[in-house]
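Please open the structure in a viewer and keep the selection panel at hand. The stops below proceed from one selection to the next.

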Amino acid sequence: MIKLVKSTFYKEKETKKKLINFIKKSAILSMNSECRKFEDAFAEKQGRRHAVFVSSGSSANLVLIQSLLNLNWLRKNYVIGVSALTWPTNIMPLIQLGLKVLFLDCEMKTINVSPDIFKRKIKNLDGLFLTNVLGFSDHIETIASLCKKNDIIFLEDNCESLGSKVNGKLLGNFGLAATFSFFVGHHLSTIEGGMIVTDNSELYHMLLKVRAHGWDRDLPKEEMYNIRLVHNINNFFSRYTFYDLAYNARPTEISGFLGNNQLRYWDEIVNKRFNNFKKFHDAQRKNDDFILLDMNHMDLVSNFAMPVICKNKDCFEKYQKRFEKNNVEIRPIIAGNIMEQPFYLKYKDKNGINCKNTRLIHENGFYFGNNPELTTKEIKFLCNLLKK
């Protein structure tokens with residue numbers, strides 16, 4: 001069977017041996033030096049000034065939105081534009097924290113929000129939390145420019161697109177901040193884990209507080225001194241002083257160690273996924289049963305799963321059966337149309353819109369795994385399944 005996830009880590013045997021030795025030698029396994037090392041290395045590799053490591057990609061979204069509320073850069077009842085084709089924990093923190101969501105449809109050829117779609121709703125929005133879906137994007141530079149021109153806070157959920165590039169720039173580097181996931185099935189595995197990146201120091205300091213109870217322990221020394229001075233807190237009471245609304249979303253040293261180990265394979269993993277994608281895309285191009293993705297504007301596509309979007313229901317059922325019959329694990333394209341998920345139907349307000357393209361993808365799409373450990377034989381087999 002060709003599974004969505006072939007292993008827990010890239011180079012699994014070698015990684016597990018190193019992990020066992022690390023655990024045996026470590027005196028501290030709660031968040032410490034390995035986590036800080038991973039943050040520094042990830043920020044450098046991603047090309048951002050700051051990175052904050054957390055317990056998951058989902059908690060990264062939650063911590064980011066809470067931090068923006070604490071800073072009053074977002075406020076209760078602000079309207080945030082979101083991708084209708086996304087994962088639920090891109091939407092849930094917004095609902096949980098009192099913001100309003102306005103869903104944006106995607107373009108069929110990019111499965112992402114385009115500038116044209118965004119412009120139709122831009123006057124109604126205070127913020128945009130855009131999902132870069134499955135390694136792809138639309139013309140994100142134009143979207144970023146529109147946000148800047150209209151004073152809209154722009155955030156990227158980049159949990160599915162580590163390593164993808166547009167015009168020489170990594171996805172995750174276009175907004176004020178971006179989130180990443182290191183779930184076992186994603187690009188880099190720390191089993192569970194996530195990251196928030198930003199170039200803004202004020203946001204960075206707030207993220208550090210919100211990640212861990214609202215205290216100041218992880219702040220740079222100068223910032224720690226200043227906050228204690230403002231609130232007249234001495235060193236003794238500072239240990240249990242909490243400055244703002246927060247959570248405990250700390251990672252562990254085990255996760256940090258794994259992140260540092262896997263980060264060295266970033267380029268190898270991303271390039272293998274891109275090469276696989278090109279082969280799958282070429283196979284799809286020869287079959288008019290599929291809606292073909294247009295990625296000519298992208299320099300590099302790095303995805304952990306390959307979407308298959310069929311033109312109608314009959315075709316969808318045909319290829320669904322074909323893949324399942326041949327023991328290839330497939331799933332719906334992320335969470336499909338979020339507006340049809342039970343949690344949203346329970347809590348929705350009246351600003352839902354008809355996202356017809358997202359609905360079509362929901363009904364007629366699936367994805368199969370694209371990982372760097374696929375063999376030449378497996379890739380050829382998958383390409384054959386894409387034939388008419």
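Which residue in E13 is the bridge partner of Ile-330? Select Ile-330 together with strand E13: the partner is Phe-368. The model on display is predicted, and this pairing serves as the entry point to the tour.

**Stop 1: the sheet around E13**

Display strands E11, E12 and E13. These 3 strands form an open sheet in the order E11-E13-E12, with antiparallel pairing. E11 and E12 are the edge strands, since each of them pairs on one side only. As a general point, strands of a sheet pair through backbone hydrogen bonds, in either a parallel or an antiparallel manner.

On one side, select E12 with E13; 2 bridges join these antiparallel strands. On the other side, select E11 with E13 (residues 365-369), where 5 bridges join an antiparallel pair. Within this second pairing, Pro-307 has Tyr-367 of E13 as its bridge partner.

**Stop 2: strand E11**

Keep E11 and add the side chains of residues 305-309. Which residues point one way from E11, and which the other way? Ala-305, Pro-307 and Ile-309 point one way, while Met-306 and Val-308 point the other way, and all are buried. Because 5 of the 5 residues of E11 are buried, the strand is largely enclosed by the rest of the structure.

**Stop 3: helix H12 and the loop that follows**

From Pro-307, move to Lys-321, which lies in helix H12 (residues 313-325). The C-alpha atoms of Lys-321 and Pro-307 are separated by 16 Å, and the two residues are 14 residues apart along the chain. Is Lys-321 buried or exposed? Its relative accessibility is 58%, so Lys-321 counts as exposed, the cut-off for that class being over 50%.

Next, select Asn-327, in the loop between H12 and strand E12 (330-331). Asn-327 has a positive phi of about 60 degrees, although it is not a glycine. With 44% relative accessibility, Asn-327 counts as partly exposed.

**Stop 4: Leu-134**

A positive phi also occurs at Leu-134, where the angle is about 50 degrees although the residue is not a glycine. Select the loop between strand E4 (127-131) and helix H6 (140-149) to find Leu-134. At 0% relative accessibility, Leu-134 counts as buried.

**Stop 5: Phe-154 and its contacts**

Select Phe-154 in strand E5 (residues 153-157). Phe-154 has 5% relative accessibility and counts as buried. What does Phe-154 touch, leaving aside residues up to four places away in sequence? Its contacts include Leu-128, Leu-130, Ile-140, Ile-143, Ala-144 and Cys-147. Also among them are Phe-174, Gly-175, Leu-176 and Ala-177. For a distance check, add Lys-286: its C-alpha atom is separated from that of Phe-154 by 37 Å, with their positions 132 residues apart along the chain.

**Stop 6: Asn-173**

Select Asn-173, placed in the loop between strand E7 (169-170) and strand E8 (177-181). Asn-173 is buried, with a relative accessible area of 13%. Not counting residues up to four places away in sequence, Asn-173 touches Gln-46, Gly-47, Arg-48 and Glu-156.

**Stop 7: helix H10**

Select residues 253-263, which make up helix H10. Because 10 of its 11 residues are buried, H10 is largely enclosed by the rest of the structure. The buried residues include Glu-253, Phe-257, Leu-258, Asn-260, Asn-261, Gln-262 and Leu-263. What do the buried residues of H10 pack against? Display helix H1 (12-25), helix H2 (33-46), strand E1 (50-54) and helix H11 (266-285) to see these packing partners.

**Final view: the whole chain**

Clear the selection and show the entire protein chain, with its 15 helices and 13 strands. The radius of gyration is 21 Å, close to the 21 Å that the globule rule gives for 388 residues, so the chain is as compact as a globular protein of that length. Along the principal axes, the C-alpha atoms fill a box of roughly 70 × 55 × 40 Å.

Colour by accessibility next: 58% of the 388 residues count as buried. The chain exposes about 17,700 Å², of which carbon and sulfur atoms supply 50%. Among contacts with a separation of 6 or more, 74% are between residues 24 or more positions apart. Finally, colour by charge: the mean positions of the 56 positive and 41 negative charges are 4 Å apart.

Terms used: Residues are numbered from 1 along each chain as its sequence is written. This is a predicted model: local features need pLDDT of at least 70, side-chain atom pairs count only at pLDDT 80 or more; totals for chains, interfaces and linings use all residues. Side-chain values use heavy atoms; hydrogens and water are left out. Helices (H or I, at least four residues) and strands (E, at least two) are DSSP runs, numbered from the N terminus. The radius of gyration is taken over C-alpha atoms; the globule rule is 2.2 Å times the number of residues to the power 0.38. Buried means under 20% relative accessible area, exposed over 50%, partly exposed in between (1.4 Å probe, protein chains only). Contact means heavy atoms within 4.5 Å. Accessible areas come from the Shrake-Rupley method with a 1.4 Å probe; for residues, only the protein chains shown count as cover. Lys and Arg count as positive and Asp and Glu as negative; His and the chain ends are not counted. The place of a charge is taken as NZ of Lys, CZ of Arg, CG of Asp or CD of Glu. Two strands pair if DSSP finds at least two bridges between them.
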